[in-house]
Number of protein chains: 2
Amino acid sequence: MVQMMGAKQTLYDSFAEVAKAVAHGYRLQLLEHLAQGDRAVEDLANRTGITVANASQHLQHLYRAGLVTVRREGTRRIYRLNSGVVELLAALRSVAEAHHAGSQQVIRAYFAARDSLEPVSHDELMARLAEGSVTLIDVRPADEFQQGHLAGARNVPLAEIEAAVARLDPEIEIVAYCRGPRCVLSFDAIERLRARGFKARRLAEGYPEWKAAGLPTGQSDIASIP
Amino acid sequence: MVQMMGAKQTLYDSFAEVAKAVAHGYRLQLLEHLAQGDRAVEDLANRTGITVANASQHLQHLYRAGLVTVRREGTRRIYRLNSGVVELLAALRSVAEAHHAGSQQVIRAYFAARDSLEPVSHDELMARLAEGSVTLIDVRPADEFQQGHLAGARNVPLAEIEAAVARLDPEIEIVAYCRGPRCVLSFDAIERLRARGFKARRLAEGYPEWKAAGLPTGQSDIASIP
DNA sequence: CCATGATTCAATTGAACTATTGATTAGTGA
DNA sequence: TCACTAATCAATAGTTCAATTGAATCATGG
């Protein structure tokens, strides 16, 4: 790599810099949280369980690579995902799940029994929502729901699902979604709902993918940053 | 990263391993060449200008990440791109060109004057080919053309373009393409053709993207491996 | 079965990356 | 202005990664 650096070489190196930014477990986690909505450094650090200083440096790495932007809001800095990043992560996940042995192994270990919950596609959900034949629930925490959610969804955080069961119509099929295709919240929700006799399925993707596809979303008008 | 490693953590780490594989200039170059067709190690080393031993190790890195597969053919090993990788690279390029300062700078430096050559889209090319109103030329070297090319294309390697000019109809507009959206071959071809009074434009993408989109391709029945 | 060509392997060196620590900057409100 | 909170910065040590070199495989053809 220490060479004369022709045009080609430098362009590939530049693209590689962007790839390096997504080539770390913590940064992928940060990006997944940012895909749910804008977030401050400390908030992200708490959600991911890494120290503030470390999160700060990883976020700056993402910033230099052009994956996020920052704005100040009083004493905190709010990071936001750039356009195209959700698609990049989707392409990465797709290749990993299709061909990478390590990823397949982890998925088999943690999602094996659950893959029988045949998921619902975007198109199918749109059609069923139009005819009013499903109840759509968002099982993410309330603050994430408030920052943005699928149009027509009802927030039922996983923690409160047992209590909410009483208010759900057992005759109507339930579709649950959460942060993304490999987020465990909705897997758990489906299992619990089925255990109570509900007909429940899982949306194949999460809120970020739905939004990136340009499908209808809603947003609560409550203060966006917790 | 040295932690208890929950399900989430290990899955993100796994995805990060795949991302690491594309996070190197040489490996991106190798992937671009593999996107043109299957290639042996030495061949790739020659095309990219890196040593055989180094290329071998990078290719094994790509293999472990699930981006390529290998088969033996006599004494050589032929590497092949896995499905979905072209899309991953396209997503990476898209984010880099939209938001990464370094990439934008390189592109401005090397492609600035050339971006005025307003490119042709897949759809537009399909339509124009159907009505027979363009001559489509593939300006890659002959061996790459043989391994696969757009249906209806004529091979005019960049090196022979001056000689081929005589055989082209000056009344019909020319569309040129090569290895990908940032491959310089077709930029050069357009410039030379225009200098000779031809009406010439560039296909926005290259052969790999066309093929990945499922559009019609052709292949010469000559020995595939040089 | 030996020589050859293609590729991989193993060991080494230097460079780059990551997490941690403690100090520092920057805004906010009393 | 002072204390307080949020975030970044700077230095460090441990770890991983990359390129080079030369030796070792492994299939092929005489």
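These legends accompany close-up views of a predicted model, with chain A as the main subject.

**Figure 1. Chain A as a whole.**
Let us start with the full chain before moving in. Eleven helices and nine strands make up the secondary structure of chain A. Its radius of gyration is 19 Å, close to the 17 Å that the globule rule gives for 226 residues, so chain A is as compact as a globular protein of that length. Along the principal axes, the C-alpha atoms occupy a box of roughly 70 × 45 × 30 Å. Of the 226 residues, 52% are buried. Among contacts with a separation of 6 or more, 66% join residues 24 or more positions apart.

**Figure 2. The surface and charges of chain A.**
Chain A has an accessible surface of about 10,200 Å², and carbon and sulfur atoms account for 51% of that surface. Its side chains include 27 positive and 27 negative ones. The centres of these two sets lie 5 Å apart.

**Figure 3. Where chain A meets chain B.**
Here 53 residues of chain A are in contact with 53 residues of chain B. The two chains bury about 4,300 Å² between them, with 68% of this area coming from carbon and sulfur atoms. Three residues are worth picking out in this view: Tyr12(A), Phe15(A) and His100(A) supply 15% of the area that chain A buries against chain B, more than any other three residues.

**Figure 4. Helix H2, an enclosed helix of chain A.**
Helix H2 of chain A spans residues 25-34, and ten of its ten residues are buried, so the helix is largely enclosed by the rest of the structure. The buried set includes Leu28(A), Leu30(A), Leu31(A) and Leu34(A). Arg27(A), Glu32(A) and His33(A) are also among the buried residues of this helix. Keep Leu31(A) and Leu34(A) in sight for the next view.

**Figure 5. Leu81(A) and its contacts with helix H2.**
Leu81(A) belongs to strand S3 of chain A, residues 76-81. With a relative accessible area of 15%, under the 20% cut-off, Leu81(A) is buried. Beyond its neighbours within four places in sequence, Leu81(A) is in contact with Leu31(A) and Leu34(A), as well as Ala35(A), Leu67(A), Val68(A) and Val86(A). Leu31(A) and Leu34(A) are both buried residues of H2(A). Leu81(A) and Leu31(A) are 50 residues apart along the chain, yet their C-alpha atoms are separated by 7.2 Å.

**Figure 6. The surroundings of Trp210(A).**
Trp210(A) sits in helix H11 of chain A, which runs over residues 207-212. Its relative accessible area is 0%, and Trp210(A) is buried. Leaving out residues up to four places away in sequence, Trp210(A) touches His122(A), Leu125(A), Met126(A), Leu150(A), Leu203(A), Leu215(A), Pro216(A) and Thr217(A). For a distance to check in the view, try Gly180(A): 30 residues away from Trp210(A) in sequence, its C-alpha atom lies 9.3 Å from that of Trp210(A).

**Figure 7. Phe145(A) and the residues it touches.**
Phe145(A) is part of helix H8 of chain A, residues 142-147. At 10% relative accessibility, Phe145(A) counts as buried. Not counting residues up to four places away in sequence, Phe145(A) touches Asp138(A), Arg140(A), Ala153(A), Arg154(A), Asn155(A) and Ser220(A). Gln104(A) offers another distance to try: Phe145(A) and Gln104(A) are 41 residues apart in sequence, and their C-alpha atoms are 30 Å apart in space.

Note on methods. Residues are numbered from 1 along each chain as its sequence is written. Chains are lettered from A and ligands numbered from 1 in the order in which they are written. This is a predicted model: local features need pLDDT of at least 70, side-chain atom pairs count only at pLDDT 80 or more; totals for chains, interfaces and linings use all residues. Side-chain values use heavy atoms; hydrogens and water are left out. Helices (H or I, at least four residues) and strands (E, at least two) are DSSP runs, numbered from the N terminus. The radius of gyration is taken over C-alpha atoms; the globule rule is 2.2 Å times the number of residues to the power 0.38. Buried means under 20% relative accessible area, exposed over 50%, partly exposed in between (1.4 Å probe, protein chains only). Contact means heavy atoms within 4.5 Å. Accessible areas come from the Shrake-Rupley method with a 1.4 Å probe; for residues, only the protein chains shown count as cover. Lys and Arg count as positive and Asp and Glu as negative; His and the chain ends are not counted. The place of a charge is taken as NZ of Lys, CZ of Arg, CG of Asp or CD of Glu. Buried area is the accessible area (1.4 Å probe) that two parts lose on being put together, summed over both.
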